Structure formats: C-alpha cells, structure tokens
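Here is a short tour to read alongside the structure. Have the sequence and the model open as you go.

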Amino acid sequence: MDASSIIQPLNDAQKEAVTAPNKALLVLAGAGSGKTRVLVHRIAWLVQVERVSAHSILAVTFTNKAAKEMLGRVEDMLAMPARGMWIGTFHSIAHRLLRAHYRDAGLPEGFQILDAQDQLRVIKRVMKELNLDDNEWPPKQAQWFINAKKDDGLRPGDIHHHGDFFVSTMVKVYYAYEEACKRGGLVDFNELLLRAYELWANNPHLLKHYQDRFQHILVDEFQDTNAIQYAWIRLLCNDNNRITIVGDDDQSIYGWRGARIENIQQFEKDFPDCKVSRLEQNYRSTSTILKAANAVIANNQDRMGKSLWTEGNEGEPIILYSAFNEQEEARFIAARIEDWVQQGNSYDDIAILYRSNAQSRILEDAMLQKGIPYRIYGGLRFFERAEIKDTLAYMRLMANRDDDTSFERVVNQPARGLGEKSVDMIRMQARQDETSLWQAASKMVVEQLLPPRAKNALAGFLHLVNELETSTAELDLWEQTDIVIEHSGLLEMYSKEKGEKGQARKENLQELVNATREFDPDEAIPDETPDMTPLQAFIAHATLEAGETQADEYQESVQMMTLHSAKGLEFPLVFIAGVEEKLFPHQMSLDEPGGLEEERRLAYVGITRAMKQLYLTFAEKRRIFGRETYPQQSRFIREIPDELLTEVRLNTQVQRPVFNRSPKSPIQRKGPEGFYLGQLVKHPKFGKGIIINYEGDGPQASVQINFEKEGLKKLMLAYAKLEPV
Ligand code: ATP
Ligand code: MG
C-alpha cells in the first residue's frame with residue numbers, strides 16, 4: 001500500500017494526525033471518531049512512508065483482542081508481516097520484557113504469573129504465618145491494599161504508616177507476601193507492571209537500549225492508564241522518541257481500578273510541545289444515537305470539552321422498553337434478536353450490555369430458551385462464577401455428603417484454618433479406607449487423627465454442613481439458599497472484597513437467591529422430579545446450565561458483556577438492559593465522590609457502541625436478593641431528549657406474564673425428533689445422559705449430551721440410537 005492509499009480513507013483531521021511529524025501527539029476525541037483507526041494508519045504510515053522499521057514500534061492497546069486486531073489491520077495495510085513490532089496490553093508487554101531480562105529484573109528464569117485467585121491463596125498463607133486472624137484481617141482486604149499500592153508504584157518500604165495500625169499491619173503482610181513470591185518465583189499482574197518499571201528505572205543501560213529501539217510509542221485508550229503505566233511510558237521517552245497517545249476523557253471508566261484521567265493533563269504538561277489533535281466527526285453511529293450520547297455526557301462537569309457530529313443519517317429512534325419485570329425484559333430482547341436475524345442479519349452484529357454482572361443470568365436463560373447462540377465477552381457465565389460454584393458446593397454437600405469435589409472446594413472456603421496438609425491427610429485417609437472425603441473426615445474427627453487445631457476446624461465444617469441441612473429441611477428452596485449464603489460465611493467473605501469486583505460477587509450471590517425463588521422443578525427437570533427434593537432438582541438444573549457450552553469463537557453469536565468490557569467495540573444493534581436508578585447508575589457509585597460522573601461516562605460508552613439501532617430496556621419490577629423492588633427508570637434516560645426516543649410499553653392486557661411458569665429453563669422446547677433439552681436418554685455405548693443442547697434438524701441434527709460416565713459428547717442424532725429413559 002502506498003502513501004496515498006494509507007491516507008485516502010481518512011478525513012482531513014485524521015490525515016493530519018496520521019502524518020504529523022511531531023514528537024508528541026495527543027489525539028483527544030470522542031467515541032467513534034476514528035482514534036483507533038488513526039493509530040493503525042499512523043503505524044502503517046510510519047513503516048511505509050517514513051520507512052521506519054517495524055522493530056522500532058511499540059503499540060499499547062487495552063485488551064489482547066484489540067492488539068490482535070490492530071496487528072492484523074496493520075499487516076493487511078502493509079501487505080506483509082509486521083515482524084519485530086511490539087504490540088499488546090501493558091501487561092503482555094511487561095511480561096515480555098521481564099522474560100527477556102529476568103536476571104536484571106531479579107526473577108528466576110521460569111517465573112510464573114499468579115492470577116488473582118492464586119494471589120489470594122498466597123496472601124492467605126502468609127497471613128496465617130503472621131498469625132493474623134482472617135476474620136479480623138480479611139485476606140481480600142490485604143490483596144486489595146497490595147494491588148492498590150503496586151498500581152501507585154509503591155513498595156512496602158515506600159509506605160508511611162504514621163503510626164496507623166491498619167496500615168502498618170498491611171505493610172507487614174505486603175513484606176511477607178513479597179518474600180513468599182520471591183521464594184516461589186511468582187509474579188502477580190500488578191507486579192508485572194511495577195517490575196517492568198523498576199527494570200528500566202534501575203538499569204540505565206537497558207532503558208537506553210529500549211529508548212533507542214522504540215522510536216515510536218503509541219497508546220490507545222490512554223484515559224484509562226494508571227500511575228505506574230504512565231510512569232513506565234514516561235521513562236521510555238527521551239529526546240529521540242516520538243509518542244502518540246489517543247484517548248477520550250469522557251470514556252474514562254476504570255477510576256475504581258486506579259486509572260487516572262489526569263494522566264491526559266499530565267501528558268500535556270510533560271510534553272509542552274505536544275500537538276493536540278481533535279477529531280470531531282463520528283463515523284460509527286446514526287445522528288440519533290450520537291445526539292443521545294452527547295446529551296447525556298453534557299451533564300458532566302469538568303470535561304475537557306469536545307464536539308462530535310456526524311454526516312450519518314438520522315436512523316431509527318432509540319427504543320425505550322419498559323418491561324413488566326426482568327424476565328420479561330430478557331424475553332423482549334430475545335424476541336427482538338430473533339426478528340433482527342430473521343431479517344437476514346447476523347448474530348455477530350448484536351451486543352447486550354449490562355451494568356451488573358449478575359444481570360447476565362436471566363438474559364442467558366432467555367437466550368438458551370430461544371436457542372440463540374451467545375458468548376459472554378471477557379467473563380464467565382453465571383453458573384461458572386466462583387462465588388456461585390462455592391455456594392452450590394455447600395448445597396451439593398447438603399444433598400450428598402459424599403460429593404468429593406464439592407468437599408474439596410469448600411472444606412476451607414471461607415478459610416477456617418485447614419491447611420493443605422490437613423486436607424492431604426483427609427485425602428490419604430479416604431484412599432486408605434476407600435471412602436469419601438466426608439466419611440474419612442468424620443472418622444478423623446472422632447478418632448482424633450488430626451492435630452487439635454485442624455481437628456476442631458474440620459469438626460466445625462462437618463457440623464456446619466449437617467446443621468445447614470437439618471435446620472433448613474422444612475424451608476423453601478430460596479430460603480435454604482439464602483441461609484447457606486449467609487451461614488456458610490461466603491457472603492461475608494466476598495463482601496470484604498473491595499470495589500467493583502466484591503460488589504459484583506455479592507450481587508451474583510443475591511441473584512442466586514432469585515434464581516432459586518423462581519425455580520420450578522417440574523419445568524426444569526420434568527422426568528425426574530418426583531424422586532428429587534427441590535434442592536436436588538435445582539442442583540441438577542444448575543449443572544445442566546453450566547454444562548452448556550458457549551458458542552465457540554467461530555460460530556456467529558450474540559455478545560453479552562458488562563458495559564466496562566464493551567470499550568472500543570462497536571455493533572450495529574445494541575441493547576442496554578436494566579437502565580434503572582440504583583442499578584445504572586449503580587447504587588454504590590452514588591455514595592462516592594465522582595462516582596455518578598464515572599457512571600455517566602459508562603453510559604456514554606454504552607450508547608456510543610451502537611451503530612444503527614439502540615434499545616434501552618428497564619424493568620418496572622426487579623427482584624433483588626429475593627425481594628421485589630420497583631425501580632425507577634434511570635436518570636440517564638431522562639437526560640436523552642424525548643424526540644430521540646420511542647417508548648414501547650408492555651400491553652398489559654395481552655401480555656401479562658403468567659406467574660409460576662418459570663421462563664428460565666430451556667426445557668420443553670421440542671427438539672428434533674421429539675427429543676427435548678433436559679431429557680434423560682440412554683445411548684447403547686455411553687449409557688445414560690441428559691440432552692443439553694442440539695443443533696439443526698433432519699439428517700443434520702446433532703445433540704450434545706452430558707453422559708453420567710463419559711461426560712460431554714456431541715452426537716449426530718441420526719446415528720446415535722438414543723432411547724428416552
Ligand atoms: P472509541 O472511542 O469507541 O474507541 P474510536 O475513536 O477509536 O472509538 P474507531 O473505532 O477508530 O473510533 O472508528 C469508529 C468507526 O468509524 C469504525 O468503524 C471506523 O472504521 C470508522 N471510521 C473512522 N474513520 C473513518 C473515516 N474517515 N471514514 C470512514 N469510516 C471511518
Ligand atoms: Mg478506539
């Protein structure tokens with residue numbers, strides 16, 4: 001591709017940015033104005049026209065997926081592989097650096113990355129060694145403390161506690177944690193960034209090497225960089241480098257994770273000669289969608305100020321749907337998706353966005369029920385989430401003490417002082433006696449085969465599960481669930497996790513209570529319920545839903561994701577669900593300074609993902625923690641001018657939801673040849689199993705079955721010789 005074809009598909013402002021000879025360039029522009037496009041074309045321009053070596057380019061994106069896409073686009077434009085170019089997220093680039101220079105970074109060659117869960121495990125261990133009681137000193141709080149300090153570039157020695165007992169204790173934990181990581185050759189996510197920074201800060205020759213190498217530094221989504229990321233970039237820049245950053249202050253949505261919008265102003269201070277380029281034409285959305293986004297964000301104070309217009313047509317009005325309740329909201333969305341696809345569009349063109357992770361459960365149900373393929377982008381499906389699996393493990397144990405997997409999962413969750421060693425002893429005992437872990441544990445308690453502390457902890461656990469079962473036996477399933485969440489200590493444990501993540505986990509737990517409250521065993525597992533308690537039936541149902549495979553990457557599918565994950569993406573058709581006060585803006589944000597403005601930026605991000613059509617939906621009734629609430633529609637809806645909206649309301653006379661007919665289960669939708677989801681069948685070779693999915697019909701029909709013994713299998717129905725059981 002030659003110079004003209006690189007700049008031809010750009011408007012004047014974009015061209016100027018792409019070709020700018022300046023050392024420092026700040027592209028500050030609203031959503032959909034082509035910032036990411038400018039970055040891609042600038043890279044191509046540098047290589048193709050300025051004859052810069054790909055080797056000297058460092059580009060930072062916000063997700064690994066975005067990095068892949070960017071590389072693909074650049075290679076397409078150059079019609080050759082961009083070998084030697086470094087492109088990735090801050091984390092992936094830091095990782096690469098540390099691998100290359102592990103010695104200078106003070107790391108062993110085979111150092112391992114710790115994910116958040118592993119990190120917590122290490123923290124728990126060191127806190128135990130420090131004799132810190134985890135009720136008084138929740139490990140999650142320490143994890144949050146350590147990560148926040150690392151985000152700010154602080155080591156334990158840099159933190160002044162000024163006699164504050166909490167801080168001084170946390171600093172002790174931080175020291176011990178560092179020591180443990182060092183011994184184990186372990187590096188957590190934030191450590192990657194801090195280490196990479198220190199690697200350069202402490203090794204001038206290395207820094208010089210990279211300054212000489214990376215003549216061109218480009219950063220997308222700059223508004224969401226945190227202190228350590230910016231400091232790292234800053235180190236790299238000297239008189240020889242050119243740096244391009246692109247961002248939008250109105251889209252800064254990770255303040256809760258340490259991101260600093262101020263980095264944009266800081267950049268202008270640090271690079272006083274920087275050229276500021278503003279892109280004002282939006283190419284993504286219809287004028288209706290854009291007007292709505294502009295109107296909403298105009299309510300924020302302290303904006304850097306940008307205008308955004310489009311030549312695009314007016315398009316369809318934004319549809320505001322007021323649903324009777326959250327199930328009905330989900331069904332409405334599923335029905336609109338079916339219409340859209342029937343009109344010849346692809347599932348790939350559709351995104352469902354929501355503020356709270358917990359909202360996905362009912363939406364997932366509606367998709368499963370209609371057989372709409374979906375993927376949860378950047379997250380787990382409801383029944384795969386850790387807090388849900390923990391609770392279900394307790395419930396499974398209540399129903400069946402010999403469930404070893406569940407036993408292992410929760411015997412020390414929340415922590416009750418049972419170390420790996422004790423659990424190992426239980427495993428050995430079980431192996432020796434050929435019994436379940438539960439039975440082995442009971443024996444070890446009675447016969448005092450464990451050190452007293454561990455024995456007491458274990459006895460406490462056994463008692464807890466027994467109590468949970470007997471004391472709730474007469475209660476409704478949802479009350480049982482509520483009690484399990486509370487009395488197991490899981491709610492308290494997860495509540496101590498700070499910030500958005502802890503909040504999301506709490507909401508998921510609440511959502512589980514809702515799920516059990518709506519659960520109708522007769523509908524979910526029609527063939528088997530006579531012999532099952534509601535608890536058993538629910539567990540079976542949850543297992544089935546978790547067993548459903550996500551649409552695979554190459555299958556066309558609707559993308560479901562939180563608003564946070566939607567950054568940088570675009571879809572012709574976008575639904576934003578649950579646009580209600582307290583949900584969006586989120587209750588939690590209302591108590592925090594600046595919280596509401598960050599929520600509004602999130603609304604701006606959400607609205608501007610839509611290209612052609614946007615639906616905003618909300619429920620007039622929503623269950624929160626098993627309790628009915630009557631939310632009000634979000635203030636963000638009121639901030640959109642009326643003329644852009646068309647309100648659709650449920651015709652209550654025709655569509656009153658029928659109570660007690662749970663819409664949630666995918667069951668009883670007739671599948672090919674009369675088989676249905678959830679049906680128990682028998683296969684001549686694989687034995688008994690449950691149908692969990694099917695595709696196609698006629699000779700092409702295939703079914704996915706979860707076999708008792710053989711696990712998941714996909715079979716062609718024509719050959720499978722299935723018999724109903
Ligand atoms: P966000 O703030 O959401 O990250 P952005 O500013 O990075 O958005 P892009 O994703 O680069 O915007 O561009 C938005 C859409 O507009 C893309 O589909 C892109 O291909 C298209 N686009 C950008 N510039 C032009 C142009 N000059 N002509 C035609 N289409 C364009
Ligand atoms: Mg972008």
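## A parallel strand pair

In this predicted model, Ile-57 stands opposite His-216 of strand β6. The two strands involved here are β2 (residues 57-60) and β6 (residues 216-219), which run parallel and are joined by four bridges.

## The sheet around it

Where does this pair sit in its sheet? The order of the open sheet is β3-β2-β6-β7-β1-β8, six strands with parallel pairing. At the edges are β3 (86-88) and β8 (275-277), each of which pairs on one side only. On average, neighbouring strands of this sheet are turned by 10° against each other, direction ignored. As a reminder, strands of a sheet pair through backbone hydrogen bonds, either parallel or antiparallel.

A helix joins the picture at β2 and β3: helix α4 (residues 64-78) lies across both strands and runs at about 140° to β3.

## Domains

The domain assignment divides the protein into domain 1 (3-9 + 28-41 + 48-102 + 193-279), domain 2 (112-184), domain 3 (318-379 + 551-648), domain 4 (383-544) and domain 5 (672-724). If you would like a sense of scale, the C-alpha centres of domain 1 and domain 4 lie 46 Å apart.

## The ligand site

Which residues come nearest to ligand 1? Of the 19 residues around the ligand, these are Gly-34, Lys-35, Thr-36, Arg-37 and Tyr-283. Helix α3 (residues 35-48) supplies the largest share of the shell, with three residues. By character, the shell around ligand 1 consists of nine polar, five nonpolar and five charged residues.

Why does ligand 1 lie between domain 1 and domain 3? Both domains give residues to the shell around ligand 1, so the ligand lies between them.

## How far to trust the model

The mean pLDDT of the protein is 87, and 91% of its residues reach 70 or more. The model scores are ipTM 0.99 and pTM 0.76. Among the elements of the protein, strand β13 (residues 571-577) has the highest mean pLDDT, 98, while helix α29 (residues 652-655) has the lowest, 33.

Please take some care with residues 651-670, where pLDDT stays under 50. For this stretch the model has 34 contacts beyond four places in sequence. Where pLDDT is low, the predicted coordinates should not be read in detail.

Technical notes
Residues numbered from 1 in each chain as written. Chains lettered and ligands numbered in written order. Predicted model: local features only at pLDDT ≥ 70, side-chain atom pairs only at ≥ 80, totals over all residues. Near = placed C-beta within 6 Å. Nonpolar A, V, L, I, M, F, W, Y, C, P; charged D, E, K, R; others polar. Domains from an automatic or database assignment. Pairing = 2+ DSSP bridges. Axes fitted to C-alpha atoms, helices over the stretch in contact; angles between N-to-C directions. Contact = placed C-beta atoms within 7 Å. pLDDT = per-residue confidence, 0-100.
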